[in-house]
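Here is a short briefing on one protein chain. Look over the sequence and the fold, then read on by topic.

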Amino acid sequence: MKWKLLGCSFLLCLSTSAWAQVPDPDSELGEEMQTLVKNYVTEHPEVSIDDAVTRLAVQTEILQPMEDLRQEFSERLTAISIQQGPDQHILVELKGSEPVNSRVLKTASGTTRVVIETGRKHNEEEFYAIVDKHRDLLYGAIPGIVGTMGLPGQDLLVIHITGDEAKTEELKTTLKKLERVLGISLSLRPNMSKSLNMEYINGGAVLQNNNSFCTSGFPVKHTATGRKGITTAAHCPDALIYGNYGYPTKFSTPLTYVDGINDASHDVQWHTVGAHTPLRSVYATSTSDYNKRSIMYMWTGAQVGQELCFRGVRTGWSCGKVVSIGWDPGISCGPGQALPCASTWIRVQGPALACAPGDSGAAVVRGNNGHGIVSKADSNGVLAGECDGITIMPWGAIKELGLTSG
């Protein structure tokens, strides 16, 4: 069986965690789990395969509890994330000194500790308000900024720059002056490339306009009119032809552009598909029409530490970890990628992640859950490991077009 690629049989791997809610290994979701487990144990070699399977199963089960925690502590919340050491647990970081007891969540696949830490200086909203207020100052003082990633729990803004380590050393004095003005810590990450739109060359299918390619996203429904359609990235061409992968038969149809938004926090457009009905399914580990992935739930965004996957037209199926839900990809938004972006995007990275031009608009999923669509990426090639990271528009931004999931 394919699970043997991980080093043991499926049943043997699960010998100590057979209670985990694990999909059939020969199913679409089983194929995804195999990819995720392989990635997970590579990144965390101290974790056994059966523990990795359990941890990944639990990750999808704690999404709603994490949303509930976000609402419960909305006024004090600095950050919430999934942490991996010493065990997998939820970390809730709160502003202020008033203590809150930690707790334990019980889900179908086990228990998860909720560690609640207080004493943070700012809540999440206050942190990003500081960053937004001083954005022009940062860009004026630090040359070559290509993105910023907020870590509110650490009161830290990580700034990606094109310059090398020598430039980082040169900017130390400037950084200290900026820290005094902003009142938060700043760190430079050198040798980074600009996040570029991935337009070039059911969700996860081929969208084409002459020699330009994109990837289809999720089915949607316009709440006011009831019209149904399919999404992709707004920077893709307006005139597109949809095509499947030819299994079992080749199918293509022109799309009709309806509306879109391409600004600091949006990169999405939607199209109707004539007499055809978009289905709540995406191409995932498989490109066969017989084995597409049903999407049952749409989340407004994602959680830091969560594993997410997507199928791009150029790079196929790959997965990575959410490292930020307040990612700012620099001056790369809007028409011509000329507008400063907002700190509202999701950043996914990982050693097995693949991305390349043509992947724009792809549906970002995990299991039967949808989370957003691919907008930009830092890519050095089409192979796994040649992608520094992808930028995702969270699904919650779709509401500005008057759309809901189809």
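Which residue in strand 21 is the bridge partner of M149? The partner is W327. The model is predicted. Strand 21 spans residues 316–328, and the strand recurs below under pairing, pockets and core.

**Strand 5 and its partners**

- Strand 5 covers residues 145–151. Two bridges join strand 5 to strand 21, and the two run antiparallel.
- Strand 5 is also joined to strand 6 by six bridges, again in the antiparallel sense. Across that pairing, I145 stands opposite I161.
- Strands 5 and 6 make a hairpin with four residues between them. In the turn, D155 has a positive phi of about 55 degrees.
- Is strand 5 enclosed or open? Six of its seven residues are buried, so the rest of the structure largely encloses strand 5.

**The largest pocket**

- The largest pocket holds about 600 Å³ of space.
- Its lining has 23 residues. R70, E124, T300, I325 and T344 lie nearest the centre.
- Helix 4 (63–72), helix 5 (124–133) and strand 21 each give the lining at least two residues.
- By class, the lining of the largest pocket has seven nonpolar, ten polar and six charged residues.

**The second largest pocket**

- The second largest pocket has a volume of about 410 Å³.
- This pocket is lined by 23 residues, and S81, Q83, L151, V304 and V323 are the closest to its centre.
- Which strand gives the largest share of this lining? Strand 21 does, with six residues.
- Strand 1 (77–83), strand 2 (89–95), helix 5, strand 5 and strand 21 each supply at least two lining residues.
- The lining of the second largest pocket divides into eleven nonpolar, nine polar and three charged residues.
- Helix 5 and strand 21 thus appear in the lining of the largest pocket and in that of the second largest.

**Nonpolar cores**

- In soluble globular proteins, nonpolar side chains tend to be buried together.
- The largest nonpolar core here has 36 residues. V37, F218 and V365 have the most contacts inside it.
- Two or more residues of this core come from each of helix 2 (28–43), helix 3 (49–61), strand 6 (156–161), strand 16 (267–272), strand 21 and strand 25 (363–366).
- Another core lies apart from it, with 17 residues. Among them are F127, V131, I145 and I159.
- I145 belongs to this second core and also stands opposite I161 in the pairing with strand 6.

**The five-strand sheet**

- Strands of a sheet pair through backbone hydrogen bonds, either parallel or antiparallel.
- An open sheet of five strands runs in the order 15-16-12-11-28, and the pairing is antiparallel.
- Strand 15 (256–262) and strand 28 (403–405) are its edges, each pairing on one side only.
- On average, neighbouring strands of this sheet are turned by 35 degrees against each other, direction ignored.
- Strands 15 and 16 run antiparallel and are joined by six bridges. N262 stands opposite D267 of strand 16.

**The four-strand sheet**

- Another open sheet has four strands in the order 10-9-13-14, with antiparallel pairing.
- At its edges are strand 10 (212–215) and strand 14 (252–254), which each pair on one side only.
- Its twist averages 25 degrees from one strand to the next.
- Strand 13 (residues 241–243) pairs with strand 14 over three antiparallel bridges. G243 has S252 of strand 14 as its bridge partner.
- Strand 9 (residues 206–209) and strand 10 pair antiparallel over four bridges. L207 stands opposite C214.
- Strands 9 and 10 form a hairpin with two residues between the strands, and N210 takes a positive phi near 55 degrees there.
- In a regular strand, side chains alternate between the two faces of the sheet.
- In strand 10, S212 and C214 point one way, while F213 and T215 point the other way. All four are buried.

**A buried loop residue**

- A362 sits in the loop between strand 24 (345–349) and strand 25.
- Is A362 buried or exposed? The relative accessibility of A362 is 0%, so A362 counts as buried.
- The C-alpha atoms of A362 and S375 are separated by 8.1 Å, and the two residues are 13 residues apart along the chain.

How values were computed
Residues numbered from 1 in each chain as written. Predicted model: local features only at pLDDT ≥ 70, side-chain atom pairs only at ≥ 80, totals over all residues. Heavy atoms only, no water. 1 Å grid on protein atoms, 1.4 Å probe; cavity = no way out; pocket = protein on both sides within 12 Å on 5 of 7 lines; lining within 4 Å. Points joined across faces, edges and corners; volume = space filled by probe spheres on them. Nonpolar A, V, L, I, M, F, W, Y, C, P; charged D, E, K, R; others polar. Core = buried A, V, L, I, M, F, W, Y, C linked by side-chain atoms within 4.5 Å. Buried < 20%, exposed > 50% of the residue type's maximum accessible area, 1.4 Å probe, protein only. Pairing = 2+ DSSP bridges. Axes fitted to C-alpha atoms, helices over the stretch in contact; angles between N-to-C directions.
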